[in-house]
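This report looks at how side chains pair with one another in one protein chain. Please have the sequence and the model at hand while reading.

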Amino acid sequence: MAIRKISKMGHPVLRRVADLVEDPSSAVVRALVKDMIETMIDADGAGLAAPQVHESLRIVIFQAPPERASEEAGEEAFDHTAPLTVLINPVIEILSQDQEEGWEGCLSVPGLRGLVPRYTHLRYQGLGVDGDVIEREAKGFHARVVQHECDHLDGVLYPQRMTDLSKLVFESEFRHYVRVQAQDEDVGV
Ligand code: NI
């Protein structure tokens, strides 16, 4: 296992449509997935796509821990959270046209955060490393991280999904942004 170098915005591998994985159970794919997991954990990310480690293949990994689930989760908590998941050749089906905005960051866009609209409810399917079919519905942060990671497989980074670039901010200034926003809400503007 090894921690791999993360590609950053501007590298052509992040703009390419990644290739389908022809043999999901191959030793090469297994080794890549292990490295991706190690790299994501080392970088403290919620997800990682293979192009982010310079491999143009349709593989994503992600986790949607409970503490990042929406507060309204309630009995639907399973939809909002996901254990560490590996998806090979993932396919997304949007189940509601509703979108909501949320703050995102990306290991390939270090130091920045942006407010990104995403679909709130979807179903995804893909293969796990053992060749088993994984099919789940997702809402909230879970749905958001799946859309973010699968976008990487089509050469799309989150700033391209933003509708208001004034909401693209440095992480170092994010706390100021949130404070100003809270004050605005307090005075009702
Ligand atoms: Ni990303």
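With a relative accessibility of 40%, Glu 93 counts as partly exposed, where partly exposed lies between buried (under 20% relative accessible area) and exposed (over 50%), computed with a 1.4 Å probe on protein chains only. The model is predicted, so local features need pLDDT of at least 70 and side-chain atom pairs count only at pLDDT 80 or more, while totals for chains, interfaces and linings use all residues. Residues are numbered from 1 along each chain as its sequence is written, and side-chain values use heavy atoms, with hydrogens and water left out.

**Salt bridges**

Side chains of opposite charge can pair when their charged atoms come close. A salt bridge is counted here when a side-chain nitrogen of Lys or Arg lies within 4 Å of a carboxyl oxygen of Asp or Glu, and by this rule there are twelve salt bridges. Glu 93 takes part in one of them, with Arg 123 as its partner, and Arg 123 is likewise partly exposed, at 26% relative accessible area. This pair links distant parts of the chain, since Glu 93 belongs to strand β3 (residues 82–94) and Arg 123 to strand β6, 30 residues apart; strands (E, at least two residues) and helices (H or I, at least four) are DSSP runs numbered from the N terminus.

Arg 4, which counts as partly exposed at 24% relative accessibility, forms a salt bridge with Asp 35 and another with Glu 55. Asp 35 sits in helix α1 (residues 27–43) and Arg 4 in the segment before α1, with their positions 31 residues apart in the chain, and Asp 35 counts as buried at 9% relative accessibility. Glu 55, by its 28% relative accessibility, counts as partly exposed. The salt bridge of Glu 55 and Arg 4 ties together parts that are 51 residues apart in sequence, because Glu 55 lies in the loop between β1 (47–49) and β2 while Arg 4 lies in the segment before α1.

The closest N to O distances of these pairs are listed here.

| Acidic residue | Basic residue | N to O distance |
|---|---|---|
| Asp 35 | Arg 4 | 2.8 Å |
| Glu 55 | Arg 4 | 3.1 Å |
| Glu 93 | Arg 123 | 2.9 Å |

Salt bridges also link Glu 104, Arg 118, Arg 144, Asp 151 and Arg 161 in a network.

**Aromatic pairs**

Rings of Phe, Tyr and Trp (its six-membered ring) pair if their centres lie within 6.5 Å, and planes under 30 degrees apart count as stacked, over 60 as edge-to-face and the rest as tilted. The count by this rule is two aromatic pairs. In one, Phe 62 and Tyr 124 meet edge-to-face, at 5.8 Å centre to centre and with 85° between the planes. Phe 62 lies in strand β2 (residues 59–64) and Tyr 124 in strand β6 (residues 121–127), so the pair links parts of the chain that are 62 residues apart. Phe 62 is buried at 0% relative accessibility, and Tyr 124 is buried at 1%.

Trp 103 and Phe 174 form an edge-to-face pair, with 4.9 Å from centre to centre and 80° between the planes. This pair also links distant parts of the chain, Trp 103 being in strand β4 (residues 99–104) and Phe 174 in helix α4 (residues 171–186), 71 residues apart. Trp 103 is partly exposed at 23%, whereas Phe 174 counts as buried at 14% relative accessibility.
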